[in-house]
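User: I'm new to reading protein models, and I'd like to know where the labels come from. Could you walk me through this one?

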Amino acid sequence: MSLIKVSRRILFVCLLMAAATLGATASAQGADQAAQRDTKNDEINLDTQLYLLIATNQEVDDAKLPANLEPVVKQLRASLPFKNYRLAATLINRVKNEGRLNLQWVGGPLLASAATSAQTPSFNEFKVNQVKLATDANGRDVVRMDGFRFGARIPIQTGTAIASNGPAAPILNYENTGLNTDISMHEGEPVIVGTLNVGPSGDAIILVMTA
């Protein structure tokens, strides 16, 4: 075998070894970068806000809504036949990326009526199976909420009890209402999750979410 052929084979083997080394280094760097991204994502915390709006045809003061809800209320006025909107509750929570939320609370009556009072609270639950930061087709950050659930037990007057020797008393039954869905939203932009019609008055609970 000529010296030239031997030299070519040695050069070829060296090139193969160099390519293998570079490939292994690139793979290791890619793995390190992926691990760093995963670690960074694990350290991200998201602030979430759930707003409970009450849509009604009764006369209420709806001038004190948060400024960030003004576009939402404008959209609601254009699509729903209600005269007024009021803010019933604001729930602010902090959750880890790919974490979950589960909140239960007893609050005042969501629906205003002559029959409701501090002695007739509502029982509420807000739950998200997973909150995850993702990217949409345009490269913008979005927040995904898988297994979003809101539920409430609300006192509804179904009649009046007339006593022979005392004033009449309202008859109240607790009715369940709720919503289950999967949603996504851009960061900082409130979105309407859903509308729940409740009560004989025709009022509605509107869920607005932002993160």
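Analyst: Sure, let's start with one pair of residues: Ala55 stands opposite Ala204 in E8. Keep in mind that this is a predicted model.

User: What makes E1 and E8 a pair of strands?

Analyst: Two strands count as paired if there are at least two bridges between them. E1 and E8 have seven bridges, in the antiparallel sense, so they pass that cut-off.

User: Which strand does E1 pair with over 12 bridges?

Analyst: That's E2, and the pairing is antiparallel here too. Strand E1 covers residues 45-56. One spot to look at is Leu53, which stands opposite Leu87 in E2.

User: And how many bridges join E7 to E8?

Analyst: Six, with the two strands running antiparallel. Within that pairing, Leu196 has Ile205 in E8 as its bridge partner. Put the pairs together and you get an open sheet of four strands, in the order E2-E1-E8-E7.

User: Why are E2 and E7 called edge strands?

Analyst: Strand E2 (84-96) and strand E7 (191-197) each pair on one side only. On average, neighbouring strands of the sheet are turned by 20° against each other, ignoring direction.

User: What holds strands of a sheet together in general?

Analyst: They pair through backbone hydrogen bonds, in a parallel or antiparallel way.

User: How do you know that strand E8 is largely enclosed by the rest of the structure?

Analyst: Count its buried residues: seven of the seven in E8 (residues 204-210) are buried, so the strand is largely enclosed. Both faces are covered. Ala204, Ile206, Val208 and Thr210 are buried on one side, and Ile205, Leu207 and Met209 are buried on the other.

User: Is Leu46 buried or exposed?

Analyst: Buried. Leu46 has a relative accessibility of 4%, and the cut-off for buried is under 20%. You'll find Leu46 in strand E1. Leaving aside neighbours within four places in sequence, Leu46 is in contact with Asn93, Arg94, Val95, Val131, Val143 and Glu187. Leu46 and Asn93 are 47 residues apart in sequence, yet their C-alpha atoms are 8.3 Å apart.

User: Why is Arg100 called exposed?

Analyst: Exposed means over 50% relative accessible area. Arg100 has 62%, so the label fits. Arg100 sits in strand E3. With neighbours within four places in sequence left out, Arg100 touches Val95, Val128 and Asn129. The C-alpha atoms of Arg100 and Met145 are separated by 9.0 Å, with their positions 45 residues apart along the chain.

User: What makes a group of residues a nonpolar core?

Analyst: The members are buried nonpolar residues joined through side-chain atoms within 4.5 Å. The largest core here has 30 residues, and those touching the most other members are Leu50, Phe126, Met145, Phe148, Phe150, Leu207 and Met209. E5 gives the most to this core, with seven residues. There's also a second, separate core of 13 residues, including Ala55, Leu69, Val72 and Val208.

User: What does Phe126 touch?

Analyst: Not counting residues up to four places away in sequence, Phe126 touches Leu50, Leu91, Asn93, Leu101, Asn102, Leu103, Trp105, Phe148, Arg149 and Met209.

User: How many aromatic pairs are there in the whole structure?

Analyst: A search finds three. In one of them, the rings of Phe82 and Tyr85 have their centres 6.5 Å apart and their planes at 75°.

User: Why is the pair of Phe82 and Tyr85 called edge-to-face?

Analyst: Look at the angle: planes over 60 degrees apart count as edge-to-face. The planes of Phe82 and Tyr85 are at 75°, so the name fits. Both residues also fall under the 20% cut-off for buried: Phe82 has a relative accessible area of 13%, and Tyr85 is at 0%.

User: Where in the protein chain is confidence lowest, and where is it highest?

Analyst: Confidence is lowest in helix H1 (residues 3-42), with a mean of 57, and highest in E8, at 94. For the protein chain, the mean pLDDT is 80, and 72% of the residues reach 70 or more.

Conventions
Residues numbered from 1 in each chain as written. Heavy atoms only, no water. Axes fitted to C-alpha atoms, helices over the stretch in contact; angles between N-to-C directions. Buried < 20%, exposed > 50% of the residue type's maximum accessible area, 1.4 Å probe, protein only. Contact = heavy atoms within 4.5 Å. Phe/Tyr/Trp six-rings, centres within 6.5 Å; stacked < 30°, edge-to-face > 60°. pLDDT = per-residue confidence, 0-100.
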